[in-house]
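Please open the structure in your viewer and keep the selection panel at hand. The tour below proceeds by selections, each followed by a description of what is to be found there.

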Amino acid sequence: MGNPMKIRAASKDGVTEVKVLISHEMETGQRKDAAGAIVPAWFITELTAKHGDKVVLSSEFGSSVSKNPYLAFKFKGGAKGEKVIVSWKDNKGDTRTDEAAIG
Amino acid sequence: MNNQRRTVLKSGSGAALLGMLAAAGIITPGMALADWNKAAFDAKSMADTLKALGAGQPADSKDVQVTGPDIAENGAVVPVGVASTLPNVSMVAILIEKNPNALAASFVLPEGTEANVQTRVKMGQTSNVYALVKSDGKFFMATKEIKVTLGGCGG
Amino acid sequence: MADELAKYREALADGNPADLLEVKGESLWAEKRGPKNASLEQCDMGLGPGKLEGAYASLPKYFKDTNKVMDVESRLVHCMMTLQGFTQEEVTKNWYSKPGKESDIEALVTFIGAKSNGMKINVPATHPEEAKMAKMGEYIFYRRSGPQDFSCSICHGQEGKRIRLQDLGNLTTKEGAGFAMKTWPSYRVSQGAVWTMQRRLIDCMRQARWPEPNYLADSIIALETYLQKNATGTVMETPGIKR
């Protein structure tokens with residue numbers, strides 16, 4: 001579900017830097033709409049990044065992560081052409097997985 | 001609604017209770033997952049959040065850094081990160097003292113992943129931002145104030 | 001403080017959520033849609049059917065087929081109506097996004113804009129109809145109106161003005177107009193959405209306490225023509241990201 005993520009992964013001197021942009025509303029559940037009704041919370045709770053089969057990052061988000069979340073991190077290893085796979089899950093149970101080749 | 005609640009309350013087992021709550025729309029399926037640290041994300045104060053993370057009272061460390069600019073043109077998107085030169089960092093987290101819930105995000109770093117994570121968070125107002133780091137099983141912390149400004153028009 | 005603000009803007013620039021919309025716009029452009037089950041690939045944005053490189057940077061311009069000066073958005077709506085068979089109402093219903101309601105126009109304009117990234121804005125407004133629109137835009141820019149007796153030029157007609165922390169460009173100069181125009185469409189972090197130039201200018205009117213023009217109104221296209229003419233020669237940096 002949702003729109004595709006934008007994943008960039010670049011290896012340099014034996015370290016791979018990963019940058020991820022995710023399309024998600026990240027509603028806090030504390031905002032009111034024009035009619036005064038609370039807009040229900042809707043946000044990514046978990047995100048996992050893998051290099052091939054190996055988990056390189058697992059994160060938990062609260063609702064205060066910005067709309068359209070951005071994440072950058074680095075791990076040792078990773079060669080050009082190998083895959084980085086990112087998955088997220090939100091509080092409504094929606095999930096999405098995208099991948100990118102290391103450049 | 002009342003009937004549903006009574007049924008939920010009568011059912012004994014925890015798992016069934018969660019299932020019922022989810023079915024009734026009281027909690028959403030993602031919320032019911034055991035691995036997301038609900039207690040930590042629901043905590044309001046810094047102290048309660050640290051307790052829920054099992055961090056107790058972390059020592060201040062010069063080897064931990066809150067990264068990102070000192071000022072944000074808009075609180076909806078504040079670039080912030082955690083970096084540390086401490087050995088064997090297995091977890092980092094970002095906490096914002098004056099947000100309704102202090103914990104913004106936490107990251108488990110397997111061996112080989114550097115203690116350097118950047119993200120973007122929402123801040124309701126100018127606040128101290130804390131970087132929490134678990135190194136060799138012990139917790140350390142650093143802080144800096146990030147100012148949130150009110151904008152004019154957006155160019 | 002100016003340094004920290006620059007750092008803030010720089011931190012946002014790498015990882016612009018507008019990039020997600022650009023990708024969406026690209027697939028919407030090529031997708032067969034509407035009653036005529038056609039893509040937009042034959043849409044003529046001013047440089048010939050399907051030719052998008054540099055098109056955004058050279059709009060608004062006069063189009064013979066409609067006998068009108070059109071901007072990127074009015075031309076896009078025209079294409080969606082003529083090529084795909086949508087009604088104007090269908091196309092413009094979600095001309096800007098609301099939480100949970102995406103806008104095809106925003107995505108398509110972001111995609112079309114990105115095709116002019118790195119190219120020079122080129123709106124000399126030499127055709128008589130274009131010159132007329134630029135003149136009308138200039139008139140609107142200086143015209144005081146509304147309950148506050150405001151004009152665009154009060155805030156944007158001099159050097160060194162600002163609202164709170166935001167510098168206000170002098171839109172009457174090439175430098176000022178260029179700085180303003182080169183980054184649109186732009187992701188507004190305060191809104192969590194990409195804004196098109198139509199939305200930017202319509203909201204300017206609201207902030208000046210003027211009655212809000214309709215989407216695609218000639219008054220907005222006139223202002224755009226005036227501003228693009230002033231900005232001509234400036235290199236586009238789009239999609240942008242702003243406060």
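The tour begins with the model as a whole and then passes from chain to chain.

**The model as a whole**

Please bear in mind throughout that this is a predicted model. Its overall scores are an ipTM of 0.95 and a pTM of 0.86. For chain C, the mean pLDDT is 95, and 100% of the residues of this chain reach 70 or more.

**First selection: chain A**

Select chain A and display it as a cartoon. Which kinds of element does chain A have, helices or strands? Chain A has 0 helices and 7 strands, and its pattern along the sequence reads β-β-β-β-β-β-β. Along the principal axes, the C-alpha atoms of chain A fill a box of roughly 55 × 20 × 20 Å. Chain A has 103 residues, of which 44% are buried. Consider next the contacts in chain A with a separation of 6 or more: 56% of them are between residues 24 or more positions apart.

**Second selection: a hairpin in chain A**

Select residues 44–51 of chain A, which form strand E3, together with residues 54–61, which form strand E4. These two strands run antiparallel and are joined by 6 bridges. At one point of the pairing, A:His51 of chain A stands opposite A:Lys54 in E4(A). E3(A) and E4(A) form a hairpin, with 2 residues between them. Click on A:Gly52 in the turn: this residue has a positive phi of about 60°.

While the strands are on display, a general remark may help in reading them. In a regular strand, side chains alternate between the two faces of the sheet.

**Third selection: where chain A meets chain B**

Keep E4(A) visible and add residues 103–108 of chain B, which form strand E6 of that chain. E4(A) and E6(B) run antiparallel and are joined by 4 bridges. Which residue of E6(B) is the bridge partner of A:Glu60? The partner is B:Ser106.

Now add E5(A) and residues 116–121 of chain B, which form strand E7. This pair is also antiparallel, with 2 bridges. Here A:Ala72 stands opposite B:Gln118 in E7(B).

Widen the view to both chains. In total, 29 residues of chain A are in contact with 32 residues of chain B. On the side of chain A, the elements that give two or more residues are E3, E4, strand E5 (70–76) and strand E6 (83–90). By class, this side of chain A has 11 nonpolar, 10 polar and 8 charged residues.

**Fourth selection: where chain B meets chain C**

Select chains B and C. Here 17 residues of chain B are in contact with 19 residues of chain C. The side of chain B that touches chain C has 8 nonpolar, 7 polar and 2 charged residues.

**Fifth selection: a sheet in chain C**

Show chain C and select strands E5, E6 and E7. They form an open sheet of 3 strands in the order E6-E5-E7, with mixed pairing. Strand E6 (193–195) and strand E7 (240–242) are the edge strands, each pairing on one side only. From one strand to the next, the twist averages 35°. Strand E5 (residues 186–188) runs antiparallel to E6(C), and 3 bridges join them. Among the bridge partners are C:Ser186 and C:Trp195, the latter in E6(C).

**Sixth selection: an enclosed helix**

Select residues 104–114 of chain C, which form helix H5. Why may H5(C) be called largely enclosed by the rest of the structure? The reason is that 10 of its 11 residues are buried. Among the buried residues are C:Glu106, C:Thr110 and C:Phe111. The covering elements include helix H2 (18–30), helix H3 (72–82) and E6 of chain C.

Add H3(C) to the view. H3(C) and H5(C) pack at an angle of about 115°, with their axes 11 Å apart, and their crossing is right-handed. C:Val72, C:Glu73 and C:Leu76 of H3(C) make the contact with C:Ile105, C:Leu108, C:Val109 and C:Ile112 of H5(C). By class, this contact has 6 nonpolar, no polar and 1 charged residues.

**Final selection: a second helix pair**

Select helix H8 (residues 174–181) and helix H10 (residues 218–231) of chain C. Their angle is about 115°, and their axes lie 7 Å apart. H8(C) passes H10(C) in a left-handed crossing. Residues in the contact include C:Gly178 and C:Met181 of H8(C) and C:Leu227 and C:Ala231 of H10(C). The contact has 4 nonpolar, 3 polar and 1 charged residues.

Methods
Residues are numbered from 1 along each chain as its sequence is written. Chains are lettered from A and ligands numbered from 1 in the order in which they are written. This is a predicted model: local features need pLDDT of at least 70, side-chain atom pairs count only at pLDDT 80 or more; totals for chains, interfaces and linings use all residues. Two residues are in contact if their C-beta atoms, placed from the backbone, lie within 7 Å. Ala, Val, Leu, Ile, Met, Phe, Trp, Tyr, Cys and Pro count as nonpolar, Asp, Glu, Lys and Arg as charged, and the others, Gly among them, as polar. Two strands pair if DSSP finds at least two bridges between them. A residue is buried if 20 or more other C-beta atoms lie within 10 Å of its own, exposed if 12 or fewer, and partly exposed in between; C-beta atoms are placed from the backbone. pLDDT is the predictor's confidence in each residue, from 0 to 100. Axes are lines fitted to C-alpha atoms, for helices over the stretch in contact, and angles run from 0 to 180 degrees between N-to-C directions. A crossing is left-handed if the near helix is turned anticlockwise from the far one by less than a right angle, and right-handed if clockwise.
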